[in-house]
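Good morning, everyone. Please have a look at the structure on the screen, and I will walk you through some of its parts.

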Amino acid sequence: MRLGSFCISGTGGRCVAVRSSRGKEAGEFPGEPRRNDAELAAEEEKSRRSGGGLVIGEERDETGSLVGLSFVPPSSYDSDEIISSEVKLSGRMQEVIDAGGTEEKKIKVVYNIVFVTAEAAPYSKTGGLGDVCGSLPIVLAARGHRVMVFSPRYLSGTAADKNFADAVDLECNAKINCFGGAHEVAFFHEYRKGVDWVFVDHPSFHRPGNPYGDSYGAYGDNQFRFTLLCYAACEAPLVLPLGGFTYGENCLFLVNDWHASLVPVLLAAKYRPYGVYKDARSVLVIHNLAHQGVEAAITYQNLGLPTKWYGALEWVFPNWARTHALDTGEAVNFLKGAIVTADRILTVSQGYSWEITTIEGGYGLHELLSSRKYVLNGITNGIDTVEWDPTKDEYIASPYSVTDLSGKARCKIALQKELGLPVLPDCPLIGFIGRLSYQKGIDLICSAMAELMADDVQFVMLGSGDQRYEDWMKAAESTYKEKFRGWVGFNVPISHRITAGCDILLMPSRFEPCGLNQLYAMRYGTVPVVHATGGLRDTVENFKPFAQQGHGEGTGWAFSPLTKESMLEALGTAIRTYREDKDSWEGLVKRGMAKDYSWEKAAVQYEQVFEWAFSDPPFVK
Ligand SMILES: Nc1ncnc2c1ncn2[C@@H]1O[C@H](COP(=O)(O)OP(=O)(O)O[C@H]2O[C@H](CO)[C@@H](O)[C@H](O)[C@H]2O)[C@@H](O)[C@H]1O
């Protein structure tokens with residue numbers, strides 16, 4: 001018989017022996033009744049007597065903290081099931097029970113995960129970051145992890161404020177020292193779908209506009225607002241008794257984009273020197289490298305970080321990017337801070353994880369990212385298959401499925417009516433949904449518009465962002481009254497109706513870390529035509545009409561290079577296929593709908609990365 005060990009999890013400064021392999025510990029999950037120490041001890045004893053394993057010794061680290069227990073496992077276990085000491089401190093262990101209710105001979109490690117993010121749908125969303133941080137946490141929680149999502153409580157004085165209506169004040173305020181003073185923040189909490197949604201509250205998050213700016217542009221105090229987010233996120237696992245128990249120090253921070261990037265810097269510079277969070281890990285998730293949170297170097301003194309940590313955030317612009325002869329180009333860069341301090345780095349597709357190590361895709365950080373290539377991975381995003389389900393979508397005119405597409409035809413007619421376009425069931429209807437930004441290749445659409453509109457097609461665009469493109473959409477609508485609609489604004493129900501009602505979704509993104517709209521489109525039987533870049537190249541398989549003994553293969557068209565001509569050629573091929581080869585079109589539609597875009601596959605890959613993060617020592621001790 002071999003010896004095994006249990007892990008110990010620090011929960012709120014109190015060490016609790018975490019779970020025998022017979023079940024989860026009391027109060028580890030919110031909503032579960034708490035048991036006191038005597039009850040826990042009695043249960044442990046009962047477990048030992050009944051063959052649940054016998055604890056025969058303790059292991060302590062150099063500071064004297066209890067880090068593991070040696071035990072004789074229950075006799076029914078064979079040696080493969082013994083949890084190795086490698087998983088100590090990396091999380092908690094959980095039995096995995098198969099669907100039939102019989103015990104699978106497998107034990108998995110579960111973690112205390114803290115997502116730190118500027119957006120999480122449905123509370124806040126301006127794009128894909130909100131989607132990911134609103135859906136992946138739920139899937140990880142369903143897989144047994146304890147998951148907190150930490151983001152700001154934005155109040156804009158609009159109907160969107162009701163999104164936070166069920167989050168209650170935990171009455172556990174914290175004072176954050178930065179930007180020349182102590183700033184008091186409050187924490188609001190809602191437990192929903194197995195996840196602790198925690199919102200940091202401060203007056204700077206209450207203003208009209210979106211999370212990052214308003215019609216005048218980005219807010220001038222974003223660095224302050226997201227510094228608060230990061231400090232508060234580091235405090236939350238230590239001080240908030242969610243469901244009665246804090247998350248404790250032994251947690252995994254998933255920090256998303258620049259807004260959360262100060263977290264690993266704070267762990268290294270402010271906490272670990274005092275012995276706090278020495279067993280925590282951080283994973284930086286890059287959704288968009290183009291935004292890095294860069295401000296003048298002088299602002300470093302506001303961040304409340306020790307002077308010697310300046311180098312972690314230091315950023316020097318190349319000569320060409322400097323504004324005048326005396327400009328030394330010195331700046332602080334939040335995202336860079338995370339790249340040099342996080343334990344691991346993830347991007348949202350494999351293609352993009354390579355692109356960011358190249359000069360073309362690295363936005364000045366390619367060398368740094370290349371130097372950390374050994375901890376850099378790409379995991380393609382999944383989607384919320386409950387929100388995006390054509391068989392049950394409440395926003396669309398008629399539900400449909402891969403076996404009965406008649407509802408999709410009804411959705412197209414309903415969309416044409418809603419948009420005031422001529423109702424033409426056989427006219428190819430092309431859609432675009434997204435932020436109107438340089439990234440999304442709107443300029444290419446503008447330049448191709450006249451040629452596209454010369455064909456017998458209809459085109460609808462939904463988006464907001466750059467004023468130039470919003471104005472252009474309005475102008476194009478009056479030029480091409482019978483064929484084009486440009487819906488300026490952010491409207492989730494309309495985005496569902498466009499996804500369902502269109503035949504083709506166009507995404508000529510200049511770069512695309514993953515892209516979600518092409519995944520939604522394929523799930524809704526709408527064929528994507530995309531620029532072959534990043535996650536678009538990874539997820540859209542080019543149509544091959546003669547593959548599979550003439551049955552065809554592929555789910556759309558991925559064109560390259562990024563030129564008007566190559567985009568029009570791909571669109572032309574798609575339109576011709578739609579008009580002239582109905583069988584091939586149906587094959588494209590059905591293959592796209594049959595793909596599995598759920599988060600499950602990605603969640604398993606995330607777990608692998610968590611395991612790697614904990615199997616190495618912290619990158620910055
Ligand atoms: N006007 C509008 N009205 C309603 N809904 C709108 C809308 N404009 C956009 N959306 C929605 O916002 C989301 C956009 O997601 P994307 O992934 O396509 O892009 P984004 O660039 O924001 O995200 C970044 O992060 C995500 C997540 O990792 C990456 O997939 C992506 O490549 C990266 O650029 C979709 O749900 C879309 O429907």
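I will start with the whole chain, then take two sheets, the ligand and one lysine.

First, a caution: this is a predicted model. Every value I give is computed.

Now the overall picture. The chain has 621 residues, and 56% of them count as buried. Its secondary structure comes to 17 helices and 27 strands. The chain exposes about 25800 Å². Carbon and sulfur atoms supply 53% of that area. What about contacts along the chain? Take the contacts with a separation of 6 or more: residues 24 or more positions apart account for 68% of them.

Next, the sheet of 3 strands. A quick reminder first: strands of a sheet pair through backbone hydrogen bonds, either parallel or antiparallel. Which sense do we have here? This sheet is open, its order is S17-S19-S18, and the pairing is antiparallel. Why do S17 and S18 each have one side without a neighbour in the sheet? Strand S17, residues 294-296, and strand S18, residues 314-316, stand at the edges with a single partner strand each, so one side of each is left free of a sheet neighbour. On average, neighbouring strands here are turned by 45 degrees against each other, direction ignored.

Look at one pair in detail. S17 and strand S19, residues 330-333, are joined in the antiparallel sense by 3 bridges. Val 294 stands opposite Asn 333 in S19. Helix H6, residues 334-341, packs on this sheet and touches S18 and S19. The direction of H6 makes about 65 degrees with that of S19.

Is H6 mostly covered or mostly open? Mostly covered: 7 of its 8 residues are buried. Among them are Phe 334, Leu 335 and Ile 339. Lys 336 is also on the buried list. Asn 333 turns up again at the start of H6. There, a side-chain oxygen of Asn 333 reaches to within 3.1 Å of the backbone nitrogen of Leu 335.

Now the sheet of 6 strands. This one is open too, but the pairing is parallel. Read the order as S24-S23-S22-S25-S26-S27. Which strands are at the edges? They are S24, residues 484-488, and S27, residues 557-559, and each pairs on one side only. The twist averages 20 degrees from one strand to the next.

Take S22 and S23 from this sheet. S22 covers residues 429-436, S23 covers residues 458-465, and 8 bridges join the two in parallel. Leu 429 has Gln 458 in S23 as its bridge partner. Two helices come in here. Helix H10, residues 442-453, lies across S22, S23, S24 and S25, at about 160 degrees to S23. Helix H12, residues 492-501, touches S22, S23 and S24, and its direction makes about 145 degrees with that of S22.

Move along to S25 and S26. They pair in the parallel sense over 4 bridges. Met 507 stands opposite Val 530 in S26. How many of the 5 residues of S26 are buried? The count is 5 of 5. Val 527, Val 529 and His 531 point one way, Pro 528 and Val 530 the other way, and all are buried.

On to the ligand. It is surrounded by 29 residues. The closest are Asp 131, His 287, Arg 435, Gly 489 and Glu 512. Three polar distances are worth noting. The side chain of Lys 125 has an N or O atom 3.0 Å from an oxygen atom of the ligand. For Asn 517, a side-chain N or O atom is 2.9 Å from a ligand oxygen. For Cys 514, a backbone N or O atom lies 2.9 Å from a ligand oxygen. How much of the ligand is covered? On its own the ligand has 710 Å² of accessible area, and the protein covers 97% of that.

Which elements give two or more residues to the shell around the ligand? They are H2, S22, S23, H12 and H13. H2 gives the most, with 4 residues. So S22, S23 and H12 link back to the parallel sheet.

Last, one lysine. Lys 474 lies in helix H11, residues 467-479. Why does Lys 474 count as partly exposed? Its relative accessibility is 46%, and partly exposed means between 20% and 50%. Lys 474 and Trp 487 are 13 residues apart along the chain, and their C-alpha atoms are separated by 8.1 Å.

That is my tour. Thank you.

Notes:
Residues are numbered from 1 along each chain as its sequence is written. This is a predicted model: local features need pLDDT of at least 70, side-chain atom pairs count only at pLDDT 80 or more; totals for chains, interfaces and linings use all residues. Side-chain values use heavy atoms; hydrogens and water are left out. Two strands pair if DSSP finds at least two bridges between them. Axes are lines fitted to C-alpha atoms, for helices over the stretch in contact, and angles run from 0 to 180 degrees between N-to-C directions. Contact means heavy atoms within 4.5 Å. Buried means under 20% relative accessible area, exposed over 50%, partly exposed in between (1.4 Å probe, protein chains only). A polar contact is a pair of N or O atoms within 3.5 Å; within protein, one must be able to donate a hydrogen and the other to accept it, and residues adjacent in sequence count only if both atoms are side-chain atoms. A residue is near a molecule or strand if one of its heavy atoms lies within 4 Å of it. Accessible areas come from the Shrake-Rupley method with a 1.4 Å probe; for residues, only the protein chains shown count as cover.
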